[in-house]
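Trainee: I have a structure here and would like to work through it. Can we take it step by step?

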Amino acid sequence: MSKQSEDIKLIRNMMERSTKFLVFSSLSPIFAGFVALVGAIYTYFYLQNASTETFQSKLYVLLPVALLVLSISVVATILFSNAKAKRLKQKLWSKTSARTLYNLAVQMLAGALFAIILLTRYQYDLIASITLIFYGLGLINASKYIFDELHYLGIIEVALGLLSIIWLEQGLLFWTIGFAICHIIVGIVMYRKYEKK
């Protein structure tokens with residue numbers, strides 16, 4: 001009986017390894033959350049002191065900040081996941097990681113293009129909502145290849161995006177809750193569940 005249960009466990013682990021992106025590090029959302037929090041704090045204080053500046057002037061400052069936050073988060077995710085892959089003696093890049101990236105990237109790319117179109121039309125008050133909603137949809141879509149917690153994070157992101165459409169003037173607050181606070185909380189939950197030994 002013990003041998004059979006070990007065999008079943010081994011088969012289950014092999015199947016999970018082939019269908020789940022298990023080398024995704026739970027430190028990634030924690031770090032990304034802190035980076036987003038720093039970006040949001042900077043944006044808040046900048047906007048407080050830039051009330052008389054033109055839309056273009058604000059865009060020249062805030063767009064690089066947003067791209068920097070995104071770039072640091074992506075690089076950190078790759079580095080943390082690569083370290084975990086080495087620790088587990090697995091490959092970072094596989095068919096599963098490619099499927100995960102594809103399922104996340106399609107919605108994120110659509111959201112980014114939508115946000116750029118809005119910016120060209122000076123409808124910047126919807127940017128926080130759009131980024132939250134499309135990112136949330138991407139997480140929901142990709143979560144079948146990662147961890148269930150990211151599915152629920154995706155639902156929360158979509159809900160926050162919809163709420164920020166109702167309260168447009170609070171877009172930065174909802175963005176901060178979604179991209180900073182929720183990432184940190186979910187990352188800690190995942191770390192305690194999957195990685196803390």
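What follows is a short round of questions and answers on the fold, the cores, one charged pair and the surface.

Trainee: Which kinds of secondary structure make up the protein chain, helices or strands, and how many of each?

Mentor: Keep in mind that this is a predicted model. From the N terminus on, the elements run α-α-α-α-α-α-α. The count for the protein chain is therefore seven helices and zero strands.

Trainee: What share of the contacts in the protein chain, at a separation of 6 or more, joins residues 24 or more positions apart?

Mentor: A contact here means heavy atoms within 4.5 Å. One pair distant in sequence is F147 and F24, 123 residues apart along the chain yet 8.8 Å apart in space, C-alpha to C-alpha. For the contacts with a separation of 6 or more, the share from residues 24 or more positions apart is 74%.

Trainee: Which helix gives the most residues to the largest nonpolar core?

Mentor: That core has 18 residues, and F24, L150, L153 and M190 touch the most other members. At least two residues each come from α2 (27–49), α5 (127–142), α6 (148–166) and α7 (171–195). The top contributor, with six residues, is α7.

Trainee: Which residues does a second, separate core include?

Mentor: This core stands apart from the largest one and has six residues. Among them are F55, L118, L119 and I130.

Trainee: Is F147 buried or exposed?

Mentor: F147 sits in the loop between α5 and α6. M190 touches F147, along with F24, S26, E149, L150 and E195, leaving aside residues up to four places away in sequence. The relative accessible area of F147 is 7%, and the cut-off for buried is under 20%, so F147 is buried.

Trainee: Which residue forms a salt bridge with E149?

Mentor: The structure holds one salt bridge. Leaving out residues up to four places away in sequence, E149 touches V186, V189, M190, K193 and Y194. The closest N and O atoms of the bridge are 3.0 Å apart, and the partner of E149 is K193.

Trainee: How many residues apart in sequence are the parts that this pair ties together?

Mentor: K193 lies in helix α7 and E149 in helix α6, so the bridge joins two helices. Their separation in sequence is 44 residues.

Trainee: Which end of the bridge is buried, and which is exposed?

Mentor: E149 has a relative accessible area of 12%, and buried means under 20%. K193 has 54%, and exposed means over 50%. So the buried end is E149 and the exposed end is K193.

Trainee: With which side chain does the side chain of E149 make a polar contact?

Mentor: E149 is placed in helix α6. Its side chain reaches a partner side chain at 2.9 Å. That partner is Y194.

Trainee: Which residues form a nonpolar patch on the surface?

Mentor: The accessible surface of the protein chain is about 12200 Å², and 70% of this belongs to carbon and sulfur atoms. The patch has about 430 Å² of accessible area together. Its members are L63, L67, L70, V74 and I78.

Trainee: What is the relative accessible area of I78?

Mentor: I78 lies in helix α3 (residues 55–88). Patch members need over 30% relative accessible area. I78 is partly exposed, with a value of 46%.

Notes
Residues are numbered from 1 along each chain as its sequence is written. This is a predicted model: local features need pLDDT of at least 70, side-chain atom pairs count only at pLDDT 80 or more; totals for chains, interfaces and linings use all residues. Side-chain values use heavy atoms; hydrogens and water are left out. Patches are made of residues with over 30% relative accessible area and no salt bridge: like charges are joined within 9 Å, nonpolar side chains (Val, Leu, Ile, Met, Phe, Trp, Tyr) within 5 Å. Accessible areas come from the Shrake-Rupley method with a 1.4 Å probe; for residues, only the protein chains shown count as cover. A salt bridge is a side-chain nitrogen of Lys or Arg within 4 Å of a carboxyl oxygen of Asp or Glu. Helices (H or I, at least four residues) and strands (E, at least two) are DSSP runs, numbered from the N terminus. Buried means under 20% relative accessible area, exposed over 50%, partly exposed in between (1.4 Å probe, protein chains only). A nonpolar core is a set of buried Ala, Val, Leu, Ile, Met, Phe, Trp, Tyr and Cys residues joined through side-chain atoms within 4.5 Å. A polar contact is a pair of N or O atoms within 3.5 Å; within protein, one must be able to donate a hydrogen and the other to accept it, and residues adjacent in sequence count only if both atoms are side-chain atoms.
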